[in-house]
Amino acid sequence: MERFLCIHGHFYQPPRENPWLEAVEIQDSAYPYHDWNERITAECYAPNTAARNLDGEGRILEIVSNYARISFNFGPTLLSWMEKHTPDTYRAIQAADRQSIIWRSGHGAALAQVYNHIIMPLASLRDKQTQVQWGIRDFEHRFQRLPEGMWLAESAVDTETLEVLSEAGIRFTILAPHQAGRVRKIGSSRWKELNGSRIDPSQAYLCRLPSGRRITIFFYDGPISQAVAFEKLLNSGEQFAERLMSGFSGNRSHSQLVHIATDGETYGHHHSFGEMALGHALNHIEENNLARLTNYGEYLELNPATHEVQIVENSSWSCMHGIERWRNDCGCNSGGNAGWNQQWRQPLRNALDWLSEQLASGYENGLAEYVKDPWEARNDYIEVILDRSEENVAAFLLRHSLRPLDDEAAVTVLSLLEMQRHTLLMYTSCGWFFDELSGLETVQIIQYAGRALQLAEKCCIQGIEAPFLERLALAGSNLPEPGNGAEIYEKYVKPAMIDLIKVGAHYAVSSAFQEYGAESGIFSFRVFKEDFLIIQAGQMRLAVGKIFVRSSITRKADRITFCNLYFGGHALNCGVRSFISEEAYLTMKQEVATAFNGGDFAAIIRMMDTYFGMHNYSLKDLFRDEQRHILQLIIAGTLQNFEDKVITLYENSKSLMGFLKETAMPVPQHFVTTAGTALNLKLQKMFTSETVDMGRLREDVNELGIWNVGVDDVALEFIIRRRLEGLMATLLEDPENARILSEVLLLVEADALLPVDVNLWQTQNLYWAMLQSRTSEHGSNEGGSSGLSYRSEAVKNLGQLLFFNETAVLAAARGDL
């Protein structure tokens, strides 16, 4: 019988967006990347779009997508982020699904996922339905087809969840082997009880549901999946392939499916170069005809279920106690924190469940006079999440409203729907998965709760924050600071809350450092400049203005006036308030401008206190990314002066340091530290300058060795990598540009001199793309002009430096192979 192989990757990151800004703010722990989404994309999601097929010497023969050859799902919230921030990777994932449809008998590799990764058995029926409908619609929007299968968060399942999946048209899902309760051959009356993951994972199983519906379930191979995740199986592609093949048995008479399921991040993020091991294993299996690569949809078409199964209720793949990890201190944790407990899980869930009930009641009552069916409107709200254009929002409101809505009513409806979106987001599973209440993931879901509360207080129900915090206080931290959930809310959630005044304050403060156009986007807000005056005297600046701020999410708007007195450096005083009247604004504007021109700055402060009140805004009130940008501008001059002095100090001391070394006298540590700082600065400056001086580079690298100082390899690697990628992108657009090609060659040669391993992944991809786009040129290159001959040799040299098997690759590009 035929042997089939399917590898499933669950690619997912929890939503990390600031609930008020709808954007992921800078995360220093992800350095040198902006945030963890960006970092994991660079380490995993992008590399799997372009995995390397290597020869026996480790040189690249071919670049191919892993995604088209496996089964995969991506979290919808992650794909939404990728669409905006890494569009090339996003489009490559979509293209891989289209390719898989061609390869796999019309069945795509991509599966859908419940929308924001909630633990489905712990959700209400209504929330289950919304999660599935949003997941399906998001998938259809991105992959331009309906999904056949759907991934359940943590593979957590109960019968009601399967009913919801089946009712929505989902044909199959994937579970762990220990989630199978009993099995029998279709047509038989006798069930076989299963204990200890004893189900045969090599076939599909039909699950008949109480409603009369049915769904197919695939139970992945547990031991091999565990080996991939935890037993370093990805250290070798051939070893990985061999282990996969061990899943087949000569004792089975049916067409066997060996399939595994792991976190997709295993292939590149958790295990460096795991995507290469995956690609190599797939190549090895295909080239040696060891098995037929497939996906679940294709296998199910060719091999319908012959057995039926009943599941273990309230079970999951990552908790041996069922689903207790997401509601109790069951003992499951990420380890490494001896003495900690997770007793906070239950009171956290109880608090959120209580809040959800309050918000559901407020939602229904708040929308009763506006929409036909509040819950049908929520299910359809995914259409707005996917497209917040004015036309689409208007069409949505028209579909669901009882009558035409004015602007105020539209704001109320959209705000209540946003309240429900954040109510769902606050149940994201990662909030309970890890060890500590004050961890990033748990704080994130409490922030979602805070946003839902804020919207509720404004639109439908007041006075619920205090009783919510009473319940949240019962969740105790393992750390003395903060002590409990309520304190975490006060410390991390309340300060993060944003309203239109704070958006106006951000605009006002930053306007002293940058010029805004007539219309500007500030994260999820649009700002329209109606009046603006800026006066400068030396370092001091006065900015006065009137703006109209509008949320792109709820459409709530306000007209805001401000006055910002900047003293230089990081010192400023800014007042902001809602617009009172044109007369009051113009009077304030004239008075502060007169005082500024007269040098009476104390008078300006008094006027601001009178007009705006005693609350002042400063650089501390900027949103984090803009705050970081402006502080960089402020310290740039001081930092440059410091760097110049360190380099000068080193250059002036270098001769003396050499003499001390010759006389065997220990060089003072201050000298060595200065040398290390100076040499790192010189290297970073060299690779950001117009040209790289190879002679100077050799000298600097030699001096690193003389003084035995290390390189800031993270910073330098990032600088070199980004420069190389930029040059290669330019070369791809203009392949005839000999100057750019020479510069790329020089930079790659320079990199070889450094004790830094530069990630050449994207540079290699661009080189490969250049070859694919220039096959005709390479085919007619021999015997051509001296320019073409030079370029051919240069291209070959570049390929060698980029670790390609340049002879085979160029031959393939010319069509010789």
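Does alanine 153 count as buried or exposed, and what is its relative accessibility — which of these opposite words applies? In this predicted model, alanine 153 counts as buried because its relative accessibility is 1%, a value under the 20% that marks the limit for buried residues. Alanine 153 is found in the loop between strand S6 (150-151) and helix H5 (159-167). Leaving aside neighbours within four places in sequence, alanine 153 is in contact with Val114, His117, Ile118 and Ile119. The C-alpha atoms of alanine 153 and glycine 483, which lie 330 residues apart along the chain, are separated by 30 Å.

**The open sheet**

Six strands form an open sheet in the order S7-S11-S10-S14-S8-S9, and the pairing within this sheet is mixed. Its edge strands are S7 and strand S9 (192-193), each of which pairs on one side only. Two of the pairings are set out below.

| Strand pair | Sense | Bridges | Residues opposite each other |
|---|---|---|---|
| S7 (residues 172-175) and S11 (residues 214-219) | parallel | four | phenylalanine 172 and threonine 216 |
| S10 (residues 204-208) and S11 | antiparallel | five | tyrosine 205 and isoleucine 217 |

In a regular strand the side chains alternate between the two faces of the sheet. Strand S7 is covered on both faces, with Phe172 and Ile174 buried on one side and Thr173 and Leu175 buried on the other. Phenylalanine 172, one of these buried residues, is also the residue of S7 whose bridge partner in S11 is threonine 216.

**Nonpolar cores**

The largest nonpolar core holds 168 residues, and of these Phe72, Phe74, Phe240 and Phe468 touch the most other members. If residues up to four places away in sequence are not counted, phenylalanine 74 touches Phe11, Tyr45, Tyr67, Leu79, Met82, Ile93, Leu111 and Gln113. A second, separate core of 56 residues includes Ile720, Leu731, Val756 and Trp761.

**A nonpolar patch at the surface**

Which residues make the nonpolar surface patch of about 270 Å²? This patch is made by Ile635, Leu639 and Phe642. Leucine 639 is found in helix H22, which spans residues 624-662. Because its relative accessibility is 38%, leucine 639 counts as partly exposed, whereas alanine 153, at 1%, counts as buried.

How values were computed
Residues are numbered from 1 along each chain as its sequence is written. This is a predicted model: local features need pLDDT of at least 70, side-chain atom pairs count only at pLDDT 80 or more; totals for chains, interfaces and linings use all residues. Side-chain values use heavy atoms; hydrogens and water are left out. Patches are made of residues with over 30% relative accessible area and no salt bridge: like charges are joined within 9 Å, nonpolar side chains (Val, Leu, Ile, Met, Phe, Trp, Tyr) within 5 Å. Accessible areas come from the Shrake-Rupley method with a 1.4 Å probe; for residues, only the protein chains shown count as cover. A salt bridge is a side-chain nitrogen of Lys or Arg within 4 Å of a carboxyl oxygen of Asp or Glu. Helices (H or I, at least four residues) and strands (E, at least two) are DSSP runs, numbered from the N terminus. Buried means under 20% relative accessible area, exposed over 50%, partly exposed in between (1.4 Å probe, protein chains only). Two strands pair if DSSP finds at least two bridges between them. A nonpolar core is a set of buried Ala, Val, Leu, Ile, Met, Phe, Trp, Tyr and Cys residues joined through side-chain atoms within 4.5 Å. Contact means heavy atoms within 4.5 Å.
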